[in-house]
Amino acid sequence: HIHHVGELTHLEPLLIRDSVGIKFDHNLLHDVPKDAVRYVYSNNLTFEYNEVHNTSLIEGDTGAFYTAQDWASYGNVLRYNFIHHNKRSNGFYSDGADSGDNYNYKIIQGSTKGILLNGHDNIANNNLVVDSNMIQVDQRGDSKSHGVNSIFADQLREMNPDSNPWANYGKVLQDTYGYDHKLWSSILDPNWHPEYPNGTKMTDNMLVNTPDVVIPKVGDVTVSGNDSISNVSDAGFYDYSKMDLRTDNAKVLAKFPNLNDVFPKIGLQKDEYRTRVLTRAESGGLSNH
């Protein structure tokens, strides 16, 4: 349970950098000055069953989960997380040049942009986004700042991606996530236009009181199968005032079939050390502040 951090210096409570294979699960983070979780220059991370509310109390232009600026940061999985009462911040934010993140089966309520994707091969599917301004695939780089002569390309070349272990790692990623272009040669090909958000997908998400997906004018981007419900009451959440977002609504469950099983498992859990779990009211999680 991590909260009210960064009062002297506005830092995030969790920063993962230059790491591989770390798992972060069943945590509650809230009342933080900027992003709650920042992960950069890392691979094969897993973030699941975490709850986050009230981020960016001091600084904006971030996300509850935030990453940026790495063409080699593939294989990270973010699933079964719950973000709510997050009006000053985006929910899940892959900032300029981030690549290869997978955002699946998450619940996002009350965020600026529930999901905001930049970079290559970022995939967001089967998420539930409620009462947020939008979800978006963005394109903000040009060939000079994000092309084959950019710092991001240089960082990838430093990995010697044509040699092992990176060559084999690229094949594993393609088999796992089904990319339709070859890692890593395509990304370093000017004809592939790496300044575009190529390979990014927003599919099969459910939007409740949230506008449709905003998409860029350029790039190989897939946006399909997303559905919407115009207002919160029609979604049939068990108790929206207490943030119980389980539902029997068939449209929601078509996109997120195991929502009702997953939802009670999110956040802090009882164990031999934690004999009592705070309610959302006790953690301040029923309002923006």
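Leaving aside its neighbours within four places in sequence, which residues is M202 in contact with? In this predicted model, M202 is in contact with I115, L117, A124, I135, Q136, V137, V213, T222, V223, S224 and N226, and this list offers a way into the interior of the chain.

M202 belongs to the largest nonpolar core, a set of 27 residues in which V37, Y39, F47, F65, I115 and M202 are those with the most contacts inside the core. Several strands supply two or more residues each to this core, namely β2 (14-17), β5 (37-40), β8 (63-67), β14 (113-117) and β17 (134-137). There is also a second, separate core, made of 20 residues, and among its members are I107, M206, I229 and F256.

From the cores the reader may turn to a sheet. Seven strands make up an open sheet with parallel pairing, and their order across the sheet is β3-β6-β9-β12-β15-β18-β20. The edges are taken by β3 (23-25) and β20 (222-224), each of which has a single partner strand, so one side of each is left without a neighbour in the sheet. On average, and with direction ignored, neighbouring strands of this sheet are turned by 5° against each other.

Within this sheet, strand β12 (residues 101-104) is covered on both faces, since D101 and Y103 on one side and N102 and N104 on the other are all buried. Strand β9 (residues 76-79) pairs with β12 in the parallel sense over four bridges, and here N76 has D101 as its bridge partner in β12. Strand β15 (residues 123-125) also runs parallel to β12, to which it is joined by three bridges, with N102 standing opposite I123 in β15.

At the edge strand β3, three bridges lead to strand β6 (residues 46-48), and the two strands run parallel; D25 stands opposite E48 in β6. E48 also takes part in a contact of another kind. Side chains of opposite charge can pair when their charged atoms come close. The side chains of E48 and K23 meet in a salt bridge, at 3.2 Å from N to O, and this pair links distant parts of the chain, with E48 in strand β6 and K23 in strand β3, 25 residues apart. The two partners differ in their surroundings: E48 is buried because its relative accessible area is 8%, under the 20% limit, whereas K23 counts as exposed because its relative accessibility is 52%, which is over 50%.

The count of salt bridges comes to 14. One of them joins R157 to D154, with the closest N and O atoms 2.9 Å apart. Because R157 and D154 lie three residues apart in helix α2 (residues 151-157), they are separated by about one helical turn. Both are partly exposed, R157 at 34% relative accessibility and D154 with a relative accessible area of 36%.

Another salt bridge is formed by D244 with R246, whose closest N and O atoms are 2.7 Å apart. Here D244 counts as buried at 15% relative accessibility, while R246 is partly exposed, with a relative accessible area of 26%. Elsewhere, E12, D35 and R38 are joined into one network by salt bridges that share partners.

Notes: Residues are numbered from 1 along each chain as its sequence is written. This is a predicted model: local features need pLDDT of at least 70, side-chain atom pairs count only at pLDDT 80 or more; totals for chains, interfaces and linings use all residues. Side-chain values use heavy atoms; hydrogens and water are left out. A nonpolar core is a set of buried Ala, Val, Leu, Ile, Met, Phe, Trp, Tyr and Cys residues joined through side-chain atoms within 4.5 Å. Buried means under 20% relative accessible area, exposed over 50%, partly exposed in between (1.4 Å probe, protein chains only). Contact means heavy atoms within 4.5 Å. Two strands pair if DSSP finds at least two bridges between them. Axes are lines fitted to C-alpha atoms, for helices over the stretch in contact, and angles run from 0 to 180 degrees between N-to-C directions. A salt bridge is a side-chain nitrogen of Lys or Arg within 4 Å of a carboxyl oxygen of Asp or Glu.
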